[in-house]
Amino acid sequence: MEVPVAQRFDVLEVKFKGGRKEYFRNVNQLDLTTGDYVVCEMPSGHHIGMISLQGELVRLQMKRKNILLNDDLKVVYRVANEKDLEKHTQAIARDLPTMYRTREIIRDLKLNMKLSDVEYQSDNTKATFYYSSEERVDFRELIKLLAGEFKIRVEMRQISLRQEASRLGGVGSCGRELCCSTWLTDFKSISTSAARYQNLSLNPAKLSGQCGRLKCCLNYELETYMDALRDIPSVEVPLKTKKGNATLQKTDIFKKIMWFGFDKETNWYSLPIEKVTEILDMNKKGILPESLEVLTPEPEKKVEKGPINSDLESLDRKYSEEQKKKKKKKKNNRNRAKSKAPQQNNE
């Protein structure tokens with residue numbers, strides 16, 4: 001059974017253009033459903049968004065994002081009617097022409113910034129311009145030109161390259177829609193050590209996403225690899241043997257096998273981590289094993305001996321004796337035929 005409206009958590013999660021989500025209070029106790037379009041309060045005017053989450057799940061999201069439940073939260077006015085949605089559609093239609101024109105103005109002013117998106121407020125009184133730049137930009141002149149040409153209040157908001165990719169969207173190398181534009185809400189720092197722990201080739205073209213930064217999915221399985229690496233010894237120096245020094249070439253983390261190769265050989269020798277630990281302990285004591293092959297001998301093929309082989313030998317003996325009897329019988333028959341043939345001729 002659903003919780004009555006009066007007893008529900010009165011904060012809603014509302015989604016706007018570009019995946020941006022904000023939280024609003026349902027002070028009027030409106031009976032709302034996830035997916036409804038509502039008119040929300042803004043610092044100047046109002047805006048229309050879609051309800052993406054409500055109930056106790058919103059409380060958990062706010063706790064995870066460290067958002068306090070206080071009077072600073074804006075409120076939801078009402079459910080959007082046809083007139084509101086029509087104005088909202090007209091506002092969305094102004095986004096692209098405004099963005100193209102603004103890019104021309106930026107080019108004329110020679111500003112080092114990249115405009116990625118424009119979002120008009122539903123009441124057409126304010127527009128937010130999202131841009132990315134590697135340095136600080138003085139856009140005071142730009143704001144004057146935009147406010148005079150479009151007759152709106154202008155807000156410039158700088159975003160990172162990851163946020164830019166999440167707003168624009170796209171398809172990743174895995175063939176699926178980008179995580180940042182679908183379900184990923186926060187961006188954690190990613191370093192090249194995450195690729196090293198997972199034995200990935202340090203190729204920037206393969207490790208970078210559409211934002212030009214390291215892919216967020218490098219962190220998804222990192223904890224599993226870190227747990228598996230706890231049992232694997234760290235080989236900082238080559239293994240010393242009487243045959244020579246063996247250098248670590250490759251490690252299979254989950255099979256717990258390490259491959260080593262000698263300096264003047266192209267062959268690699270696989271060793272379980274127990275043997276590697278044993279050799280490291282021997283080297284610390286000053287003991288040199290013969291070679292890696294001695295520590296990992298190939299299993300000898302066992303020749304089974306027993307009644308099976310004896311039976312085969314007896315069958316072979318029996319078969320050879322039968323063949324001899326048949327040959328002897330054929331020879332006797334030929335001799336008898338030859339001895340009968342001259343007697344018939346004499347008669």
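K17, R20, E22, D95, D117, E119 and R167 are linked in a network of salt bridges. A salt bridge here is a side-chain nitrogen of Lys or Arg within 4 Å of a carboxyl oxygen of Asp or Glu. Side chains of opposite charge can pair when their charged atoms come close. The model is predicted, so local features need pLDDT of at least 70 and side-chain atom pairs count only at pLDDT 80 or more, while totals for chains, interfaces and linings use all residues. Residues are numbered from 1 along each chain as its sequence is written, and side-chain values use heavy atoms, with hydrogens and water left out.

Within the network, E22 and R20 are joined through their side chains by a salt bridge of 2.4 Å, N to O. R20 counts as buried because its relative accessibility is 18%, whereas E22, at 27%, counts as partly exposed. Buried means under 20% relative accessible area, exposed means over 50%, and partly exposed lies in between, with a 1.4 Å probe and protein chains only.

The strand β2 (residues 21–25) contains E22, which is the bridge partner of V14. Strands and helices are DSSP runs numbered from the N terminus, a strand (E) having at least two residues and a helix (H or I) at least four. Two strands pair if DSSP finds at least two bridges between them. Strand β1 (residues 11–15) runs antiparallel to β2, and 5 bridges join the two. They form a hairpin with 5 residues between them, and G18 in the turn has a positive phi of about 80°. On β5 (residues 74–79), β2 pairs in the parallel sense over 2 bridges, and F24 stands opposite K74 of β5.

These strands belong to a wider arrangement. A closed barrel of 5 strands follows the order β1-β2-β5-β3-β4, with mixed pairing. Direction ignored, neighbouring strands of this sheet are turned by 55° against each other on average. Here angles run from 0 to 180 degrees between N-to-C directions, and axes are lines fitted to C-alpha atoms, for helices over the stretch in contact. Strand β3 (residues 37–41) and strand β4 (residues 46–53) are antiparallel and share 5 bridges, with V38 having G49 of β4 as its bridge partner.

Helices pack against the sheet. Helix α1 (residues 56–64) touches β1, β2 and β4, and its direction makes about 75° with that of β1. Helix α2 lies across β3, β4 and β5, running at about 100° to β4.

Helix α2 (residues 82–93) also packs with helix α3 (residues 95–109), at an angle of about 25° and with the axes 4 Å apart. The two helices are therefore roughly parallel, a term for angles under 35 degrees. A91, I92 and A93 of α2 meet D95, L96 and P97 of α3 in this contact, where contact means heavy atoms within 4.5 Å. The contact residues comprise 5 nonpolar, no polar and 1 charged; Ala, Val, Leu, Ile, Met, Phe, Trp, Tyr, Cys and Pro count as nonpolar, Asp, Glu, Lys and Arg as charged, and the others, Gly among them, as polar.

The whole structure holds 20 salt bridges. One of them joins the side chains of E164 and K114 at 3.0 Å, N to O. E164 lies in helix α5 (residues 161–168) and K114 in strand β6 (residues 114–120), so that this pair links distant parts of the chain, 50 residues apart. E164 is buried because its relative accessible area is 5%, while K114, at 48%, is partly exposed.

How values were computed: Parallel < 35°, antiparallel > 145°, perpendicular 65-115°, else oblique.
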